[in-house]
Amino acid sequence: MRRGLSFCALPLLLSLASSARGQEKFALQLFHFNVQYVAGGTLGYSLNPDPILDLDNDAIEDLIVTESFAPIVDLFDAHPTWGVDLEMQAYLLDVLAARHPEVLDKLRALAKAGRVEVVSFHYADQLYIAYPEEDWERSQDLVAATFAKHDVPLGRSVFCQEGQAGPALAARLEERGYRTMVWPKNLWSFQHGDAEALPLYQFGNVFLVQGGKGFAYDDGNVTIDVTWTFLDDGELLATGDINPYFPDIFRHHPEEVAAYEADLLALERQGYRIVTVDEYVASIGPLATPAPATPPLLDGTWQPNSTNGVKKWLGGRGVWGAQERDNHVRTLGATAHRELVAAETVASAAGLDARERLDDAWRLLFLGQVSDASGINPFRGEVLYGLSHFTEALRIAREVEREGKAALGLGTMLVDPAGGTASEGSDAGLRGPATDPPLELLVDGGDRQVSQSWELLEPGHWRVAIDFGPGEFTNAAVTFPGEVEDTLALGAALADGVPLDITRADFTFESFHFALPTGWIGLGGGRFVVKDMGAVHLAAEVVRDSGDVTFGDETMAVEDAQHWVFHVFDGTAADAAKLAQTINATRRLVR
Amino acid sequence: MKRLACLLILALGCGSDEETVPAPFAGTLTVELRDRADVALELLEGDALRVTLTASAGYGLVPTGTAMIGNGWVEHFPETDGTLYTARFDGPAQDGLCGDEPVSLALSLHRQGGNATVIGGIACYCGSGVWHGRPVRILRLDGAIPLPPPAE
């Protein structure tokens, strides 16, 4: 996806440029900026204290703005005929407003002129495909509010942190007024192999383009040449591929920007229009009919080959493996979700004026859900960034609950978010008497002591707790045996409660990792497994030609015991989805 | 003050005839990966908690070298076997990110099961009695505070 690779396609495109028929040439560029690139800052990243390397959160954010973001804004400001997509979490606008207002002013002016499409789908760079839909809905509300507050037009195209994408985004884009999904080309090819891209695809009632994949299209009447000049971390272009983990050398190199500028000028001379994705889609409409539909697509991220799908964020070990705590980070994020949903319920039931407090806590949740707290290669500071934002969100939520409980005069409070009630009670359900295992799990705990305990909640519904004692091994895994069937049902991102049925034969991958935002996936034969995401939130590995599902963690802290909980459920996919929501999206809690 | 006196007595290893007072449990945590904070958790009646925190570095927000005492709660999460320890500290102005304003310091620490590891932070809010909003900084904490042995 680097610009060097993109330009390799140029000679081919140029050879096609001689056609006498209608001919359109577009150059697209999407800079993915993440002001949480080193969430919490580089403080503690180096082995020994060093004032040059030990920069706090705000100092790193400032460097990202001054050394990498502002130079790109300036570049496109200097070329009134060019367009560019700048993708970011909405939080970056807050950073600009607070500490770099001159950059925000310039960005606003360019966006209002249609020369920059400011792309944003989440308030923070959240791993949103791993959490219940409500988190993204609230995050999206804050995106809209933040863009309005800073008077910056929100772009109609969508690209996301780590290139997250999923089939249900089609409906969410339409609902929120977006028009085009930029689907990462590598996520596409990982699922369907490498094939020539088409100019535009229908994606539900919106459009889709393959991000980063240039092509030459010819339908006999018109030729359309598209090249992507950039689709990558925006921080890397102006700094000569240096990232912010190295703050001493993460500096704006004008010659790098000049070289890129020269590339674009050359394209312009060759007849390419340098445009935003939104302008491209508008231009292409009269020229080519969108492909009627994409092939079936699955949730994922933009470099599935190197990150093993979403595994890197949900149990996969990176280069700082001993410092990682993927399951702790993601389970506490799920716990914070449940608690905030419960606090909302209590506040409503008690008639508390807690809106401001809860909005602040939700915002902390979004920041804590940053993908970089558990992947790709998080160091301890980023892990702690995620966890500390979750604990503060939890503190606020529990204070609201305590206040509501007192106002309601309750002794032991049962909160039922689905029912919207907070009442006297001490039975949150989801427990049952001990029973024999209904199926044999394959559990690998290395040198750790492992135990299983099964409970029967009702006929066809079991709960299993798997305990791992402290040990030296950082790896553990559990495999649920399944039956291979032609289809597989699971929960997809931003579509809680709606089963996604996929046909295995539609895909080319050998194995695939799913985040499972509400925790459930099919085992075949009408059986499902559901993660209790407050206890275990690891990627589910599906092998194309097996019905088994494996959850593995390579980041277990050696000094800590672990307690994983799953539910096994026999029934329909729709009922499994509903149960998963009960467990993970709207959990009944006793407080 | 009575309980604080008791805490000091226990810390000195002396006996006490007040059997109702659980022993405090304490540990040294890292602050922002580089610095240290001594943290003692004292269980009070019910789920009430008193926390004593002494930080080696304050980042312009937390007093250093002096013990701060704050009150909060032990928050139980029976559905996940988790525990959250919270406390509020009224911090004086430190001439840092909050300028001449006092700093409200909200502690939150999470423990999984019976593990000694606790992780969380101190959310720093400018102003007195400000316990939510946009923290000017969250100082990250991690380390071990072993649970006390179960009472006999």
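Here are some notes on how chain A and chain B meet in this predicted model.

1. Start with the confidence in the complex as a whole. The predictor assigns an ipTM of 0.95 and a pTM of 0.95.

2. Chain B deserves a look on its own. Its pLDDT averages 88, and 85% of its residues score at least 70. Watch the beginning of the chain, though: over residues 1–19 of chain B pLDDT stays under 50. For that stretch the model has 17 contacts beyond four places in sequence, so treat those with the low score in mind, since pLDDT is the predictor's confidence in each residue.

3. Now the interface. On the chain A side 54 residues are in contact, and they meet 40 residues of chain B. Together the two chains bury about 3,700 Å², with 51% of that on carbon and sulfur atoms.

4. There's plenty to click through in the way of pairs. Between chain A and chain B the count of salt bridges is eight. If you want one to pull up, try B:Arg34 with A:Asp54, whose side chains meet at 2.9 Å, N to O. Polar contacts across the interface come to 25 residue pairs, both partners at pLDDT 80 or more.

5. Which elements of chain A supply at least two residues each to the side that touches chain B? They are α12 (326–350), α13 (355–368), α14 (380–408), β24 (562–570) and β25 (589–590). Of these, α14(A) gives the most, with 16 residues.

6. As for the make-up of that side of chain A, its residues divide into 23 charged, 17 nonpolar and 14 polar.

Note on methods
Residues are numbered from 1 along each chain as its sequence is written. Chains are lettered from A and ligands numbered from 1 in the order in which they are written. Side-chain values use heavy atoms; hydrogens and water are left out. Contact means heavy atoms within 4.5 Å. Buried area is the accessible area (1.4 Å probe) that two parts lose on being put together, summed over both. A salt bridge is a side-chain nitrogen of Lys or Arg within 4 Å of a carboxyl oxygen of Asp or Glu. A polar contact is a pair of N or O atoms within 3.5 Å; within protein, one must be able to donate a hydrogen and the other to accept it, and residues adjacent in sequence count only if both atoms are side-chain atoms. Helices (H or I, at least four residues) and strands (E, at least two) are DSSP runs, numbered from the N terminus. Ala, Val, Leu, Ile, Met, Phe, Trp, Tyr, Cys and Pro count as nonpolar, Asp, Glu, Lys and Arg as charged, and the others, Gly among them, as polar. pLDDT is the predictor's confidence in each residue, from 0 to 100.
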